[in-house]
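Reader: I am in my first year and would like to learn to read one residue carefully before moving outwards. Could you take a close look at a single residue and its setting, and then connect it to other parts of the model?

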Amino acid sequence: MFTLAALARAIRAGKISPVEATRQCLDRIARLDGRLRAFITVDGDRAVAAARERESEQNRGVWRGPLHGVPLAFKDLCFIRGLPTSCGTKIADYFRADQDCTAVTRLVDAGAVTLGKLNMTELAMGAFGDNPHHGPARNPWGLERCPGGSSSGSGVAVAAGLAAGALGTDTGGSIRLPSAACGITGLKPTYGRVSRAGAMALSWSNDHIGPMARTAEDCALMLGAIAGPDPRDATASPRRVPDYLAPLATPVSGLRIGVPENYFFENLDPEMETGVRAALDVLRSLGARVEDVRFPDPQTMSDVTNIVSRSEATALHGHLVRERPQDLGPFTRTRLELGQRIPAHDYLQALRLRARLARAFSESVWSRVDLVAAPVIPEPAPPLEAALDGSVEEITVRQGRFSRFTRPFNGLGLPALSLPCGFSRAGLPLAFQIVGRPFDEATVLRAGHAYQTVTDWHTRSPRLD
Amino acid sequence: MAEDKFQQAEVADLLGVIERLAGELSLSEEPARFIAALDDAAPAAHGTSAARGSAGAISGPPH
């Protein structure tokens with residue numbers, strides 16, 4: 001199975017045409033997606049038409065950009081004119097925007113072909129990848145296992161080779177959780193690195209859009225296309241976008257990588273811990289200086305992030321509880337109701353605390369190391385049925401536990417890359433995350449690429465045919 | 001009813017965190033300082049800007 005970067009090179013070299021690449025994906029979707037449910041909307045006819053246009057451009061020597069002819073798919077909260085944007089709800093056109101999602105537009109401007117819109121948890125809430133309206137996306141490594149959420153379809157589509165890459169969004173872990181559960185590579189960029197215009201907001205203080213693909217190099221390629229200022233999103237940073245590809249070749253020797261000695265290895269599944277520690281050994285063997293570092297209480301950051309997310313989610317989507325409660329799944333309804341109980345005073349205090357906690361983290365961690373490495377999920381993807389068993393309260397507790405290693409980095413706004421680092425005895429992906437300084441995606445991706453240059457976990461594919 | 005009690009307990013837990021820590025905040029602390037914290041901790045900008053989606057940016061060996 002091609003990586004996105006390899007496919008882009010093959011198209012450029014004329015070894016495969018945009019139409020062939022697109023048809024291969026559409027054939028796989030037709031063959032497999034009845035089981036996998038990665039897509040909510042497949043836009044096959046327009047995808048083939050766009051691929052033909054890319055091919056015609058190629059024949060005329062016109063090159064749109066580094067993703068010319070590469071078939072991608074997008075989480076169903078990215079608005080694209082002419083396609084429904086359900087955001088995982090029962091309402092086909094739940095979200096509308098004046099213009100297409102900026103990140104999608106930039107990928108298309110760079111040559112990408114849009115295959116369609118991907119499954120997700122309802123309103124991007126939830127860590128397991130279930131959906132009461134569209135059906136759960138199925139983890140290709142074990143169809144009865146959680147694919148991770150909320151960008152469940154993005155994780156499944158890339159892992160199953162239905163798309164060369166995908167966009168996900170991450171408010172509490174929603175890019176990294178499905179990336180980890182499905183054995184692919186996913187990047188939550190720094191807060192403000194990628195415009196969120198044209199994408200449904202869940203929590204404007206914690207939302208991030210980012211790439212999900214097979215490798216760190218793929219993510220670098222996509223990030224280079226989507227990052228940068230945008231007059232349509234006031235939170236998009238005016239910082240210049242560096243070249244994310246060229247530094248990938250720089251060795252990681254001498255980089256200081258901190259391993260949290262608190263929180264992240266507590267109650268961790270033993271197989272997951274073995275995989276993460278082995279990944280650290282690989283980075284050490286490449287010359288990185290791996291050392292323990294103590295984090296300012298990550299649970300506090302997680303709690304503060306929760307208060308902010310839940311307040312903002314209810315401000316944005318709470319009208320559904322009043323107007324169409326019967327159309328909401330019980331978990332989503334409960335989450336939105338909870339937000340109504342948080343006083344404005346406490347929400348604002350949480351935002352003030354967040355600023356202070358971010359500075360405290362910088363002072364104690366970035367003064368000592370260049371990167372941080374930690375687990376992403378506390379265990380390999382659990383059975384979906386077991387994850388969703390019991391009352392809403394029990395499920396809520398499980399969801400919080402499953403996302404407890406990702407959520408702190410949303411509050412901190414830091415770039416975090418999830419990478420596969422092995423398989424459990426049951427054949428399920430193991431994963432770790434590399435976290436960097438604000439706006440230092442280049443170093444995060446460089447370390448991820450170095451790891452993937454000497455390992456082959458990212459090359460494994462599930463057997464589906 | 002059980003759902004209601006659970007929500008009350010969960011919110012109480014979260015708000016307890018705020019109550020415990022908010023007293024330590026200085027009067028000058030405000031939400032916008034989060035963006036300043038990100039900027040302060042970012043590495044110095046490199047002079048390696050590349051136009052978004054620039055052609056010819058594909059590099060490295062195939063996997």
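**One loop residue and beyond**

Author: A:Y263 counts as partly exposed because it has 18 C-beta neighbours inside 10 Å; a residue is buried if 20 or more other C-beta atoms, placed from the backbone, lie within 10 Å of its own, exposed if 12 or fewer do, and partly exposed in between. This is a predicted model, in which local features need pLDDT of at least 70 and side-chain atom pairs count only at pLDDT 80 or more, while totals for chains, interfaces and linings use all residues. Residues are numbered from 1 along each chain as its sequence is written, and chains are lettered from A and ligands numbered from 1 in the order in which they are written.

A:Y263 lies in the loop of chain A between β7 (256-260) and α8 (270-285), where helices (H or I, at least four residues) and strands (E, at least two) are DSSP runs numbered from the N terminus. Although A:Y263 is not a glycine, its phi is positive, at about 70°. A:C87 also has a positive phi without being a glycine, near 55°, and sits in the loop between β2 (71-75) and α4 (102-109) of chain A. A:C87 is buried, however, because 26 other C-beta atoms lie within 10 Å.

The strands β7 and β2 that border these loops belong to an open sheet of eleven strands in chain A, which has mixed pairing and runs in the order β1-β3-β2-β4-β6-β5-β10-β11-β9-β7-β8; two strands pair if DSSP finds at least two bridges between them. At the edges stand β1 (39-42) and β8 (289-293) of chain A, each with a single partner strand, so one side of each is left without a neighbour in the sheet. Further along that order, β5 (residues 185-188) and β10 (residues 416-423) of chain A pair in the antiparallel sense over three bridges, and here A:G186 stands opposite A:S418 in β10(A).

For a contrast with the partly exposed A:Y263, turn to A:I226, which is placed in helix α7 (residues 216-226) of chain A and counts as buried because it has 27 C-beta neighbours inside 10 Å. Leaving out residues up to four places away in sequence, A:I226 touches A:A103, A:R106, A:L107 and A:V194, contact being defined as C-beta atoms, placed from the backbone, that lie within 7 Å.

Definitions and conventions. Two residues are in contact if their C-beta atoms, placed from the backbone, lie within 7 Å.
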